[in-house]
Amino acid sequence: MRNVINLNKGWKFIQQDAGLPAAYPTDWQDVDLPHTWNAVDGHDGNGGYDRGSYWYAKSFPTPKQPLAGGRVYVEIMAAGQQATVYVNGEKVTYHEGGYSIFRADITDLCKDSEDNLLVVNCSNEYKDSVYPQSADFTFYGGLYRGVNLISVPNTHFDLDYYGGPGLTVTPKPCEKCGGATFALETYVTNPDENFTVLYSIKDPDGKEVAYACRPSDSTAVTLYVPDAKLWDIDSPNLYTVTALLQRRNEAYDEVSCKAGVRSFSVTPDDGFIINGVQTPLRGVSRHQDRLYKGNALTKEEHYEDAKIIKELGANTIRLAHYEHSQDFYDACDELGFIIWAEIPFISVFNKDPAAHQNCISQMKELIAQNYNHPSICFWGISNEILIGGISQQLVDNHVELNKLAKEMDPTRLTTIAHVSMTPVESPMHHITDTISYNHYFGWYGGKMEDNGPWLDDFHAKHPDLCLGMSEYGCEGVITNHGPEPACKDYSEEYQAMYHEHLAKVFDERPWMWSTHVWNMFDFGCAARNEGGVAGRNNKGLVTMDRKTKKDSYYIYQAYWTKAPMVHIAGKRYAQRAGETTLVKVYTNQPSVSLYLNGELVEGKAAVDHIAAFTVALADGFNILVAEAGGVKDSTTLEKVETEPAIYTLPEVNERREGVANWFSAVGDMDLSAPMEFPEGYYSVKDTFEEIAKSEEALAVARKAVKLASNFDVAPGVGMWDMMKAMSPESMVQMAGSMMPDGFLESLNAKLIKVKKA
């Protein structure tokens, strides 16, 4: 029988490119898996992180084989981002892609009577043919999901096909009879006439409800389960499917998985439908890293993340921007989430055919390894890939990836996440089954009020397309506060106000098949330096350490949960000046009563899940209590003469003054006149990469981008690799009404004074 041996304990590691050791390296550092060398520097705010080629070593005894001819595989659960595996000094395999399972047969390299040396070289260095090329998150290096040995007889369920389990299960409900069919297939290595495959299906209570037998060289079969219990968001019923490889009266190998019976579809007008019920998907995106642990998470930590999201009331998760841990997919199966799973084809398109082959390989791994998870309903093809523009090659590559996904899995739908600047009319819109946009109106560009009209306009122009919102959000730092929250002040209050508006926008548009907050948790992005917290993207509804739920978390809980809840917002805005202050209360109940220092202030109806009160605090400390539907929440606020300086970032006022100074420097220029683009001079139509060839032109563009987005754009700085293919024109188009009239014209007027070399 199969024996899976966990090798996570007792590794040696060296954070140097020391080369392949000839013997077990006793002088290397002791580590256990999961492990990443970027657990701290991947998000500590020091402006960068270690992207290197480093080495792991482990001694292991050869597993004993009860039968002659048995095989031993090494199984790497993930290695960021490229990995080479050696056994006893011999190269076993090389793998590109930092997020998927890969295996190799090491039988012939194992020694009979003594310990073996397993060495893995991991690299998170940039490689031209490996995605992601560049993106707004940290590419952690290391063996961050663990390593196993798998010992099997010579005849066994397949271990070689793109890291898959060797078993596919395709359940389908029978609407008329109330039962379900389970199309089962296993893939047997070295089958012969002596072997058969025995299939068993057990219901959610553990009772066997179907059984079948097939010869090992023709294993496909369809089983019928009467009175099947459906897998649904609120009732995620899971069946256990087991395949047993039998040689006469002896069991040789066994694989099993959980499966769920459900039907789903998407239409442009009704949105997402599961088991015949219209169910708008409203949820979050998730990155896999944690504070000072990076992406080296335990099973318990993955499950904790899923439970925090379930408590929010979300029914969908977009797993960005790569294949996630099997532990997290299992948690989603058990808790009832609808999952969008995707490959890291993101931000920067590489025309090299080898890069496209890497996309194909990662798509095959994603689908082969995760086909059986009932929570997954969508395969994501790419994310924001039009940042650098469009080409026929880019379109063709997407067509090929979509075709591959449909061939490997015709039961699921495909989708794509478009960058905000993707035109309303685009050849990219008719490739995948559904589409979504990443819009940040009210943060990177425009106003939050732009979201609803844009969605309605797109829906009217394309009534045949299924439209969702794959990303939206803004930064919220829980030490930043103020009575007049505004875009780009990084305050918890503006983030909450933004999500109050967007939650309402989406609630009023059930035809949108999905919406995904960016992001559920703050996550590592070593290149960022915004809002007083460097090294991280702070758009999470929850802090990176999972310790603090921001106010924006609770507005979604008010919209999405049924159990009575009430939450007083602004608890960290604890010291307040002024004669009166605004107190917002979120609830899923029809009305709220607010008490100040034991006295009823007022009872108010909740409008769009918010009851807002104007409160006159007494000097010193004040106790507030909110009551709604039999549940209560309380906080203590202090009335002060002057609010703490830490509440307001100096850069907020500096940026506002910078915009004013920018225009004063323009002088009497007529900014309403048509822009000119003289030949041989720079302009807003040039890419940043072209502009960077001139120090003078780059200085002008760099200042403009800082004012427009608070990003620093220069070679080797921040997210240069993502932004270098953009032009100031396209970037300011994204910013939209966020920038004052005439800003782009004034930038162009400055650039056309600089002659190209």
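1. A quick word on terms first: contact means heavy atoms within 4.5 Å, while helices (H or I, at least four residues) and strands (E, at least two) are DSSP runs, numbered from the N terminus. This is a predicted model, in which local features need pLDDT of at least 70, side-chain atom pairs count only at pLDDT 80 or more, and totals for chains, interfaces and linings use all residues. Residues are numbered from 1 along each chain as its sequence is written, and side-chain values use heavy atoms, with hydrogens and water left out.

2. Helix 4 (residues 392-408) is a nice place to start. The buried residues of helix 4 (under 20% relative accessible area, 1.4 Å probe, protein chains only) are L394, V395, N397, H398, L401, N402, L404 and A405. Their cover includes helix 3 (353-370), strand 26 (376-383) and strand 27 (413-419).

3. Do look at N194, in the loop between strand 14 (188-189) and strand 15 (195-202). N194 counts as buried because its relative accessibility is 18%. Not counting residues up to four places away in sequence, N194 touches Q246, R247 and R248.

4. The largest nonpolar core (buried Ala, Val, Leu, Ile, Met, Phe, Trp, Tyr and Cys residues joined through side-chain atoms within 4.5 Å) has 125 residues, and M520 and Y556 have the most contacts inside it. Leaving aside neighbours within four places in sequence, Y556 is in contact with L312, Y472, H499, L502, A503, V517 and L541.

Conventions: Buried means under 20% relative accessible area, exposed over 50%, partly exposed in between (1.4 Å probe, protein chains only).
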